[in-house]
Amino acid sequence: MGQDVFEITVNCIKLVLIFLMMVQAVPILVWVERRGSAFIQNRFGPNRVGPLGLLQLLADAVKFLTKEDFAPDKAIRPLFYAAPIFALIPATLAFAAIPMSVPLEIGGYVFKIQGYDMNVGIVYILGVSSLAAYTILMAGWGSASKFSLLGALRASAQVISYELALGLSIVGIILLFGTFNLTEMINAQQGTLSFKAFGHTVTSAYIPNWGIFYQPLAAIIFFAATFAESNRLPFDLAEGEAEIVAGFHTEYGGFKMLMFFIGEYGHMMLGSALMIIFFFGGYGIPWVTVDDVRQWAAGLSESATTISVITTLVHFLSFMIKFVFFLWVFIWVRWTLPRFRYDQLMDLGWKTMLPWALGNTILTALVIYLIS
Amino acid sequence: MTPDVFLFWFLALLIIGSGLAVLLFTNPIYSALSLAMTMVGVAAIFITLHAYFIAGVQLIVYAGAVMVLFVMVLMLFDIKAEIQAFSSGKISGAIKLISVGLLSGLIVGGIIMGQKSFVGELSKDAVQVAEAQKVKKSTSPDAATKELGMVLFSKHIFGFEALGVLLTVIAVGAVALARSRGGTHHAK
């Protein structure tokens with residue numbers, strides 16, 4: 001955790017801050033989702049409470065908190081009440097391993113803008129987020145309702161199927177950068193495009209050195225699979241309203257339902273963050289390296305602390321811009337595409353995305369072997 | 001009590017508790033969920049030992065994939081009939097006892113053989129090399145994984161294989177439950 005009390009305290013506060021950041025982003029995302037969907041569907045959306053309807057979030061939160069705490073008569077209480085709480089855990093734990101900016105150096109201390117730096121960040125994130133299937137199963141079983149159970153079975157089948165394509169699509173990226181560490185992966189994507197092939201160095205002045213230019217197919221498969229993992233349209237079979245009411249959270253209301261919501265948005269945020277780190281240079285600024293930014297900051301100030309703070313803030317801003325863009329893509333897609341049929345969903349997962357991801361892995365391994 | 005010791009005892013009790021719960025619950029769903037809890041606890045123990053890669057793989061493979069499938073399949077059954085099939089019948093009870101005895105014998109044998117280091121000369125060297133490397137305390141994930149593989153497939157090969165058998169038993173049991181009387185496929 002740290003060497004002395006100050007460092008330990010800051011690191012503990014950092015963990016809490018990252019959790020709060022994730023939870024506090026949810027109401028804003030809900031607002032963006034509702035206003036965005038209204039914009040896409042040529043409606044108004046919530047615009048009565050506060051400026052632009054922004055206080056609607058606050059009103060909603062109060063409403064959720066004051067609703068009756070309801071459980072179905074035949075529900076299995078421990079599972080029914082545990083499921084929404086467990087829904088928060090996987091996304092939160094995984095989000096703690098996302099590096100959001102370059103480390104901050106203040107007077108001999110180095111603080112990472114990241115909950116916890118793990119050498120095998122990808123494995124950890126995949127492992128923790130794969131536990132999300134349990135919350136759905138617990139909710140579906142604990143509700144003692146047929147709609148919930150059917151929704152839970154569908155959702156968990158979908159999550160398991162797409163986890164394979166998701167995991168395989170990352171293998172190409174891991175082979176390319178030769179590391180499980182997210183920070184090293186971002187460091188490998190700085191500056192303009194340049195790579196070594198057959199002893200020559202190929203460079204381009206116009207394309208940033210991002211993963212998507214090496215692994216375009218993996219990027220598409222990964223992004224599609226993250227939609228399925230977070231149970232969002234066009235993959236939200238788990239809550240097909242026309243068939244099974246609201247799926248696994250049919251029997252949930254009030255704050256318990258809100259917690260499932262936070263879990264879903266947490267997975268969305270995790271998906272966007274991973275998409276950025278694997279394929280869009282993480283917190284890096286396109287065409288520019290971290291050292292360039294540090295030199296530019298050195299021109300503005302003399303003190304090392306100020307330079308470090310400026311560098312960290314600039315990269316944090318870069319991360320946030322990309323992050324928000326991909327969150328918007330998540331919402332955009334949701335309100336643009338219709339839902340898949342169940343057999344189409346399974347065909348896409350097992351017969352299309354899995355073989356293509358496998359082919360991509362083999363091709364990447366072959367090319368890397370031949371070139372080096 | 002240092003944090004490490006506290007974490008170890010907390011996790012050890014959690015694992016033993018949930019492991020017992022797997023056996024003592026009569027409802028297969030609760031058993032499966034407890035087994036998932038055990039897997040997560042073991043992963044946490046790996047993290048306290050700084051074996052992050054093994055912890056992650058443990059979560060992905062066992063907790064995230066295998067157990068989710070079991071829980072999902074179990075939910076498709078008529079569990080009320082299952083509870084009865086689980087806890088009645090002299091012959092099936094005897095078979096259960098015998099299989100428990102066989103399995104525990106297998107595991108105990110595996111541990112004893114592992115301690116005797118009942119391995120060939122070649123792999124004995126591998127064990128020594130691996131343990132020498134372990135002292136160096138390397139931090140790179142590749143090296144740690146390699147060392148673990150060395151120890152696992154030479155010194156603890158019997159325990160490892162016994163665990164493999166245990167997992168096969170679980171898989172066969174889950175399928176047997178699906179096909180037995182009282183499952184979704186009623187004998188007509």
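Start by selecting A:Ala144, which sits in the loop between α5 and α6 of chain A. Keep in mind as you go that this is a predicted model. Is A:Ala144 buried, exposed or partly exposed? It has 17 C-beta neighbours inside 10 Å, so it counts as partly exposed; being buried would take 20 or more. Now check its backbone: phi is positive here, about 55°, although the residue is not a glycine. Most residues other than glycine have a negative phi.

**On either side of that loop**

Widen the selection to the two helices that A:Ala144 lies between. They are α5 of chain A, residues 132–142, and α6 of chain A, residues 146–177. Two packed helices are described by the angle between their axes and the distance between the axes. For α5(A) and α6(A), the angle is about 165° and the axes are 7 Å apart. Anything over 145 degrees counts as roughly antiparallel, and α5(A) and α6(A) are therefore roughly antiparallel to each other. The crossing of α5(A) past α6(A) is left-handed.

Show side chains next. From α5(A), the residues that take part are A:Ala132, A:Ala133, A:Ile136, A:Leu137, A:Ala139, A:Gly140 and A:Trp141. Facing them from α6(A) you should find A:Ser148, A:Leu149, A:Gly151, A:Ala152, A:Leu153, A:Ala155, A:Ser156, A:Val159 and A:Ile160. Colour that set by class and you get 12 nonpolar residues, four polar ones and no charged ones.

**Across to chain B**

Keep A:Leu137 lit and bring up B:Val71. Setting aside neighbours within four places in sequence, B:Val71 is in contact with A:Leu137, and also with B:Ile29, B:Ala32 and B:Leu33 in its own chain.

Now select the whole contact between the chains: 20 residues come from chain A and 17 residues from chain B. Which elements of chain A give two or more residues to this side? They are α4 (121–129), α5 and α6. The chain A side is made up of 16 nonpolar and four polar residues, with no charged ones.

**The largest nonpolar core**

B:Val71 is worth keeping on screen for another reason. In the largest nonpolar core, which has 118 residues, B:Val71 is one of the members that touch the most others, together with A:Phe222, B:Ala36 and B:Met67. Which helix gives this core its largest share? Highlight α10 of chain A, residues 254–279, which supplies 16 residues.

**Past the end of α10**

Move on to A:Trp287, in the loop between α10 and α11 of chain A. A:Trp287 has a positive phi too, near 70°, and is not a glycine. With 16 other C-beta atoms within 10 Å, A:Trp287 is partly exposed.

Then pick α11 (residues 290–298) and α12 (residues 304–334) of chain A. These pack at about 130°, with their axes 9 Å apart, and that makes α11(A) oblique to α12(A). Here the crossing is right-handed. On the α11(A) side, select A:Val290, A:Val293, A:Arg294, A:Ala297 and A:Ala298; on the α12(A) side, select A:Ile307, A:Ile310, A:Thr311, A:Val314 and A:His315. By class the contact has seven nonpolar residues, two polar and one charged.

**Back to the start of chain A**

Scroll to α1 (residues 5–40) and α2 (residues 56–66) of chain A. Their packing angle is about 115°, and their axes are 10 Å apart. This crossing is right-handed. A:Pro27, A:Val30 and A:Trp31 in α1(A) meet A:Gln56, A:Leu57 and A:Ala61 in α2(A). Five of the residues in this contact are nonpolar, one is polar and none is charged.

**Last stop: chain B as a whole**

Hide chain A and look at chain B in cartoon. How many helices and strands does chain B have? You should count eight helices and zero strands. Of its 188 residues, 22% are buried. Among chain B contacts with a separation of 6 or more, 69% link residues 24 or more positions apart.

Finish on B:Leu166, in helix α8 of chain B, residues 157–179. B:Leu166 is partly exposed, because it has 13 other C-beta atoms within 10 Å. To end, draw a distance from its C-alpha atom to that of B:Ala65: the two residues are 101 residues apart along the chain, and the separation reads 17 Å.

Notes. Residues are numbered from 1 along each chain as its sequence is written. Chains are lettered from A and ligands numbered from 1 in the order in which they are written. This is a predicted model: local features need pLDDT of at least 70, side-chain atom pairs count only at pLDDT 80 or more; totals for chains, interfaces and linings use all residues. Axes are lines fitted to C-alpha atoms, for helices over the stretch in contact, and angles run from 0 to 180 degrees between N-to-C directions. Helices (H or I, at least four residues) and strands (E, at least two) are DSSP runs, numbered from the N terminus. Angles under 35 degrees count as roughly parallel, over 145 as roughly antiparallel, 65 to 115 as roughly perpendicular and the rest as oblique. A crossing is left-handed if the near helix is turned anticlockwise from the far one by less than a right angle, and right-handed if clockwise. Two residues are in contact if their C-beta atoms, placed from the backbone, lie within 7 Å. Ala, Val, Leu, Ile, Met, Phe, Trp, Tyr, Cys and Pro count as nonpolar, Asp, Glu, Lys and Arg as charged, and the others, Gly among them, as polar. A nonpolar core is a set of buried Ala, Val, Leu, Ile, Met, Phe, Trp, Tyr and Cys residues joined through C-beta atoms within 7 Å. A residue is buried if 20 or more other C-beta atoms lie within 10 Å of its own, exposed if 12 or fewer, and partly exposed in between; C-beta atoms are placed from the backbone.
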